[in-house]
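Got the viewer open and a selection box ready? Let's take a walk through this one, stop by stop.

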Amino acid sequence: MLRNFLTVGGWTMLSRVLGLVRDQLLAAFMGAGALQDAYQVACRLPNMFRRLFGEGAFNAAFVPLFSSVLVEEGADEARLFARRTLGVMLAWLVFLCVLGECFMPSVLRVIAPGFLQSGERYALAVTLSRITFPYLVMICAAALLAGVLNGLHRFGMASAAYLAFNIVGIAAILGGACFSANVAIIAAWGVTFSGVVQLGLLLWACERARFGLMPLWPRLTPRIRVLLRRMVPGLVGSGVGQINLTIDTIIGTLLPAGSVSLMYFADRINQLPLGVLGAAAGTTLLPVLTRHVAAGDHDGAHAAQNRSIEYVLLLTLPAVAGILVLADPIMVVLFGHGSFTEHDAMLSAQSLRAYAIGLPAFVLVKVLAPAFFARGDTRTPVVIGIGILVVNLLLNLAFMKPLAHVGPPLASSLAAGLNVASLALILRIRAVLHVPRPFLARMGLVGLAALGMAFGVGAAAWALPFPAHIVSRLFWLGLLVVGGGALYLLLLCLMGIVHWQQVASVPGRLKKRGGRAKGA
């Protein structure tokens, strides 16, 4: 489980780093203003449907069902089920894409009402959205193929394929800057083309796994109906999450021009730990929990759940501490160039701190939700999510005027905290979540270590003046980040949370296990 966790996390981290480069180019060439706002809204639309139909609800319903068919009826039946599912999904997605292309102006009037105040920004957003919208067809189909590979315990390629989005995106932005007057148009075409590349890579990976998945003509077979029934509560739950994001977008478009951009770049930094740890934990935990629950091994399920919680908190808490202390220099060093000024970076840092407050909650939701999904319960997270939706809306309205671009991030963080508390309480009542007192004490010490690291990094930042030149700034920030990580590890060792021998032996153990897995 740890090896798979690190495999998914490693590929996701590489994807996030490339995504950071892509975002730096977007900031440098488009700045924080109307053009950037229009482009970000155009990208948000297909990503919203991707999370709705391609990930989340679909994976929660498909992976356990696919794994059960694979174990109980064999590879041929599992392949047939996956091919029929792919046919049904593609038919629905193509229909949805055609509707979106036809009615895009009306869609944007709903999700970006603030753009109507500026006809040029609204027209540009419509054009860009029509270019990026077909991406949803490719990326949702790619999510199905990734789910199959995860069900086959081939986590590497399923995670690595998503690098294509950022690699193609970087090439498109650079090409647009060199050969076109409108970088946003070329960057939008890069989004759609990256979906083609990702889908192609995953099709190739399935062929290599001797699990080719050409789609079949869509038919609602009994098994497909079971899948759709299991998906419905999850779709409602994912829909609640997407409505939350849509509320944030609507509020952002009603704020001064550039607010959507400021929140976007802050969220990209927040997504580094969130995307890496949340994706790794959720992706690897669900198949493991499903196997333990199916076998009636409740102790094994508890142990797997607690290990995931420990892994993510060990890495999330120092990330929160570091972001809260270094938000300003992080945003200035990474994005304060070209059209994105240092003043823009400082404003974006305010949003980053608000996002970071909720980072542990965002990640723990990814760890606790599989405990429901593995037991076939997709309804409870939906009911909780609807309540969280109402809370998020009320908080957004309350924070909108006084906090401006800090309001939506802070509302999301507080709502996420309430979400994870509700999930944990219900799991505890059902005796599904069992957290021993020694485990709680260890996590308390982890929190103290993260706090000690924050004081150490803050003192170093105060003692070492922020340089004026970019190379010196990169060295300054890198020194603080590496030094903070070393201090955190030292504090963990001094507190007895980890031991030097364990740290030194991890690479060798992972390599040895990887060799055994290859041999198997």
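Start by selecting Arg-442, which sits in helix H18. Keep in mind that what you are looking at is a predicted model. Is the Arg-442 residue buried, exposed or partly exposed? Its relative accessible area is 27%, so Arg-442 falls in the partly exposed class. Now show what surrounds Arg-442: leaving out residues up to four places away in sequence, Arg-442 touches Glu-310, Gly-496 and Ile-497. Draw a C-alpha to C-alpha distance from Arg-442 to Gly-496 and you should read 9.0 Å, for a pair that is 54 residues apart in sequence.

**Along H18 and over to H19**

Next, select residues 437–463 for H18 and 470–494 for helix H19. When two helices pack, the pair is described by the angle between the axes and the distance between them. Here the angle is about 145 degrees, and the axes of H18 and H19 lie 9 Å apart. The crossing of H18 past H19 is right-handed.

To see who meets whom, turn on side chains. From H18, pick Val-446, Ala-449, Ala-450, Gly-452, Met-453, Gly-456, Val-457, Ala-460 and Ala-461; they meet Trp-476, Leu-480, Gly-484, Leu-487, Tyr-488, Leu-491 and Leu-492 of H19. Color that set by class and you get 13 nonpolar residues, three polar ones and no charged ones.

While you are in H19, click on Leu-494, which also belongs to that helix. Its relative accessibility is 65%, so Leu-494 counts as exposed. From the C-alpha of Leu-494 to that of Ala-449 is 9.5 Å, with the two positions 45 residues apart along the chain.

**Helix H1 and its distant partners**

Jump to helix H1, residues 2–30, and select Ala-28. Which residues does Ala-28 touch, once those up to four places away in sequence are set aside? They are His-337, Gly-338 and Ser-339. The C-alpha atoms of Ala-28 and His-337 are 5.6 Å apart, although the two residues are 309 apart in sequence. With a relative accessible area of 24%, Ala-28 is partly exposed.

Now try Asn-166, in helix H9 (residues 163–179). This one is buried, since its relative accessibility is 4% and the cut-off for buried is under 20%. Beyond its neighbours within four places in sequence, Asn-166 is in contact with Ser-15, Leu-18, Gly-19 and Arg-22. Ser-15 is 151 residues away from Asn-166 in sequence, with 6.9 Å between the C-alpha atoms.

**Into the core**

Select Tyr-39 and Phe-335 together. In the largest nonpolar core, which has 136 residues, these two touch the most other members. Helix H13 (residues 298–335) gives the most to this core, 15 residues. Leave Phe-335 selected and expand to its contacts, skipping neighbours within four places in sequence: Leu-20, Asp-23, Gln-24, Ala-27, Phe-265, Ile-269 and Phe-340.

**Two more buried stops**

Head for Ser-261 in helix H12, which spans residues 259–294. At 0% relative accessibility, Ser-261 is buried. Residues up to four places away in sequence aside, Ser-261 touches Ala-32, Gly-33, Gln-36 and Asp-37.

Then go to Thr-192, found in helix H10 (residues 183–208). Thr-192 counts as buried too, at 10% relative accessibility. Show its contacts outside four places in sequence and you will find Ile-131, Thr-132, Pro-134, Tyr-135 and Met-138.

**A loop with an unusual backbone angle to check**

Where is Ala-404? Look in the loop between helix H16 (379–403) and helix H17 (407–429). Check the backbone torsions there: phi of Ala-404 is near 50 degrees, a positive value in a residue other than glycine. Ala-404 is partly exposed, at 24% relative accessibility.

**Zoom out**

Finally, clear the selection and take in the whole chain. Switch to cartoon and you will have 20 helices and zero strands on screen. Of the 520 residues, 53% count as buried. Among contacts with a separation of 6 or more, 83% join residues 24 or more positions apart. Add a surface to finish: the accessible area of the chain is about 22,300 Å², and carbon and sulfur atoms account for 69% of it.

Conventions: Residues numbered from 1 in each chain as written. Predicted model: local features only at pLDDT ≥ 70, side-chain atom pairs only at ≥ 80, totals over all residues. Heavy atoms only, no water. Axes fitted to C-alpha atoms, helices over the stretch in contact; angles between N-to-C directions. Helix = DSSP H or I, 4+ residues; strand = E, 2+ residues; numbered from the N terminus. Left-handed = near helix turned anticlockwise from the far one by under 90°. Contact = heavy atoms within 4.5 Å. Nonpolar A, V, L, I, M, F, W, Y, C, P; charged D, E, K, R; others polar. Buried < 20%, exposed > 50% of the residue type's maximum accessible area, 1.4 Å probe, protein only. Core = buried A, V, L, I, M, F, W, Y, C linked by side-chain atoms within 4.5 Å. Areas by Shrake-Rupley, 256 points an atom, 1.4 Å probe, with all protein chains shown as cover.
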